[in-house]
Amino acid sequence: MASGASEAQPISAAPADGQWISHKGKQYTTVKEGLAYILVPKQALDAAQQSANSEGVQNVFYNPIQQFNRDLTVLAIKAYGEERLQEKEAGHPKKLQSLRQKKRKRHDQKTEDERPTKSPKVSDDQQPGQPAAEEETAGSNPADSTAGQKSGPEADKAVTALDQATAPEGTTETNGDSALAKKDEKPSRPPPSFKILDALSATGLRAIRYSQEIPFVTSVTSNDLLAEAVESIKLNVEHNKLESKVNVSHDDAIAYMYTLVAQEMRRQNAQKHPDPRKSNRYDVVDLDPYGTAAPFLDAAVQAVRDDGGLLCVTCTDSGVWASNGYPEKAYSLYGGIPLKGGQHSHEVGLRLILHAIESAAAKYGLAMEPLLSLSIDFYVRVFVRIRKSPASVKFQAGKSMIAYQCDNGCGAWTTQLLAKNKSAPNKKGGGTFYKHVIASGPPSDKHCEHCGSMMHISGPMYGGRLHAPDFVKRVLTAVSEAPRAVYGTLDRIEGMLQTALEEYLPSPEEKEAEEALEKIESEPNAEDYEGKKAKALAKLKELSLAAYDPYPFFFLPAYLAGRIHCITPPEDPLRGALIGLGYRVTRSHCKRGSIKTDAPWPVIWHVMREWVRQRVPVKEENIKETSPAYRLLRLDKKATNEGSESAKEDAGVDEVDKLEVVFDAELGRDQDRAKYVRYQVNPRENWGPMARAKGK
């Protein structure tokens with residue numbers, strides 16, 4: 001890195017990592033991330049270098065801790081955008097066909113109208129060959145055309161333009177001498193619009209990376225409220241030579257997004273049939289604030305396109321949604337109470353944030369679909385799709401839940417849906433329709449059935465799937481194709497996405513439908529293959545509409561071992577024991593050593609008791625009668641029935657207790673031998689979000 005002020009270059013110089021820039025009497029150094037270059041003021045660099053805990057340039061102008069977030073977001077938007085553009089392209093031939101049909105209909109109608117029954121009367125001032133007055137005004141009557149639709153010459157021009165845009169290269173329509181004269185011209189349809197809003201842009205790093213690294217992006221708006229931030233954005237945009245692609249906005253993010261909503265409402269009210277392609281809403285809205293994103297959600301769900309737009313949200317206030325220190329604040333921000341206890345508090349936090357997004361959207365008839373929801377370091381990052389679908393909104397209560405947690409005792413939990421989406425056969429049109437009814441409950445007593453400790457409530461929270469497997473696979477494909485010289489966190493992204501993909505445990509109905517589809521796809525030459533496949537896909541789509549996550553949380557073996565005062569079982573033997581009993585086992589991306597399973601809690605505690613009995617006996621005399629371990633190990637039953645001939649039956653032994661448990665490490669070992677970086681190890685002390693920017 002150059003160190004002398006005499007070597008400083010103007011802001012118009014070609015960007016390079018570590019260069020000195022002099023602009024309007026101030027000096028900056030350039031930091032490179034991805035394909036973007038950020039100007040860091042010299043005074044900020046000096047302050048960072050003087051800090052004992054600093055390594056390199058780490059300050060409010062550039063935070064390397066969030067590079068994982070930015071790398072992941074670029075790749076996720078790429079995967080999303082490619083699919084979205086395919087949808088737009090698929091819709092283009094339909095528009096072309098519609099215009100052709102209208103043109104043909106008008107031509108047929110005109111031919112019928114022009115068919116004379118007698119010679120038309122020619123006025124004295126009419127020249128030979130000139131159309132009659134009635135013909136001159138044909139099509140000018142509003143009743144002859146539908147409002148909001150092109151008619152007459154405008155429609156003909158639209159069809160011609162679409163035909164030319166979609167015609168194979170080197171071909172033209174022969175329409176007289178004019179067509180031959182334009183043979184060499186190859187008019188092309190402009191690329192589909194793809195707009196991104198970086199609502200809380202700070203230095204503009206995200207906006208610049210989106211512009212540089214996502215080839216199909218047509219424009220990015222970089223907005224911030226602070227004047228210092230806007231000045232920094234403008235300098236960075238100018239230095240990266242992106243003035244034509246990045247629009248800098250100095251506004252309150254909420255006010256800016258509501259302005260878009262107001263403009264859209266005026267446009268829709270002015271047109272009877274508004275063209276959805278001309279919407280001023282954004283394809284992607286990115287919210288990455290310091291702290292909570294809750295105040296921005298209501299405006300954001302309306303500022304993003306309602307035909308499947310992508311909303312990206314970061315919340316860094318984990319002290320609110322992942323702890324029990326501020327339940328009142330969590331409720332005011334996210335509409336729910338966090339978990340009391342620490343096993344799966346971050347997954348509960350994810351679901352609280354998704355619940356807040358879903359509730360904000362539902363008021364406007366907008367449905368939310370989580371594509372990828374991750375707990376990362378000290379924050380969460382979620383990617384959700386927003387669609388206008390009042391019918392889907394009706395399923396929201398049946399996908400919202402509260403959880404009962406034995407936090408001070410054994411850690412067991414159970415969930416309660418707020419409503420039930422009850423399916424019934426449609427007698428008239430066939431298929432299935434849903435009734436939305438109030439659920440019955442509660443599913444738990446005030447005391448835990450396993451250890452007798454007090455149960456506490458958390459929620460309401462989102463109870464559906466955290467990820468869309470197809471979307472995660474597309475992002476993984478983008479990761480495999482991404483250059484490592486540009487994306488410095490690819491290993492961790494791949495590991496976290498692979499773990500998220502493995503979290504999926506379908507319900508019995510979903511599993512049955514998926515297996516039926518796989519069987520059909522394995523026989524592509526079978527009779528009525530397409531019909532059977534379409535029916536199977538429709539069944540899966542129907543199930544997904546009302547699907548909730550039946551196994552929403554995970555447990556930590558170390559926590560369970562601590563409850564019964566024994567040595568923690570290794571992960572592979574414990575997984576092997578559950579698999580040997582016929583249950584599915586995976587892990588959560590939220591925490592290292594986590595186990596996610598469809599095994600019920602009575603089975604889990606039976607396995608833990610067998611671990612103690614077979615491998616690591618505990619001193620029962622040292623366990624107090626008031627502790628959870630006393631009941632979990634069935635010492636209360638043993639003491640009551642000791643000496644009885646029917647002690648085994650009186651001790652409460654049921655069918656679960658008769659299950660034979662084998663701690664088979666080989667059975668529980670990962671079948672995938674790939675070495676993924678599934679969990680981050682903090683690279684240095686004080687790894688966190690840093691303080692909010694205070695300006696220069």
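Biologist: How many salt bridges does the count come to?
Modeller: The count comes to 39 salt bridges. Keep in mind that this is a predicted model.

Biologist: Which side chain does Arg474 meet in a salt bridge?
Modeller: That of Glu83, at 2.7 Å from N to O. The two are 391 residues apart, with Arg474 in helix α14 (residues 469–481) and Glu83 in helix α2 (residues 67–114), so this pair links distant parts of the chain.

Biologist: Is Arg474 buried or exposed?
Modeller: Neither; Arg474 counts as partly exposed because its relative accessibility is 25%, and buried means under 20%. Glu83 also counts as partly exposed, at 21%.

Biologist: What about Arg587, which residue does that one meet in a salt bridge?
Modeller: Asp670, at 2.9 Å. Arg587 sits in the loop between β16 (585–586) and β17 (596–597), and Asp670 in the segment after α24 (665–668), 83 residues apart. Arg587 is buried, at 9% relative accessible area, while Asp670 is partly exposed, at 25%.

Biologist: Which residues do shared partners join into one network?
Modeller: Glu347, Arg351, Arg465, Glu510, Asp549 and Lys596.

Biologist: New topic. In the largest nonpolar core, which residues touch the most other members?
Modeller: Met257, Val285, Leu287, Leu311 and Ile357, out of 90 residues in that core. Helix α12 (residues 345–362) gives the most to this core, with nine residues.

Biologist: What does Leu287 touch?
Modeller: Leaving out residues up to four places away in sequence, its contacts include Ala199, Met257, Phe296, Leu311 and Arg381. Apart from this core lies another, of 55 residues, among them Ile196, Val217, Val284 and Phe383.

How values were computed
Residues are numbered from 1 along each chain as its sequence is written. This is a predicted model: local features need pLDDT of at least 70, side-chain atom pairs count only at pLDDT 80 or more; totals for chains, interfaces and linings use all residues. Side-chain values use heavy atoms; hydrogens and water are left out. A nonpolar core is a set of buried Ala, Val, Leu, Ile, Met, Phe, Trp, Tyr and Cys residues joined through side-chain atoms within 4.5 Å. Buried means under 20% relative accessible area, exposed over 50%, partly exposed in between (1.4 Å probe, protein chains only). Helices (H or I, at least four residues) and strands (E, at least two) are DSSP runs, numbered from the N terminus. Contact means heavy atoms within 4.5 Å. A salt bridge is a side-chain nitrogen of Lys or Arg within 4 Å of a carboxyl oxygen of Asp or Glu.
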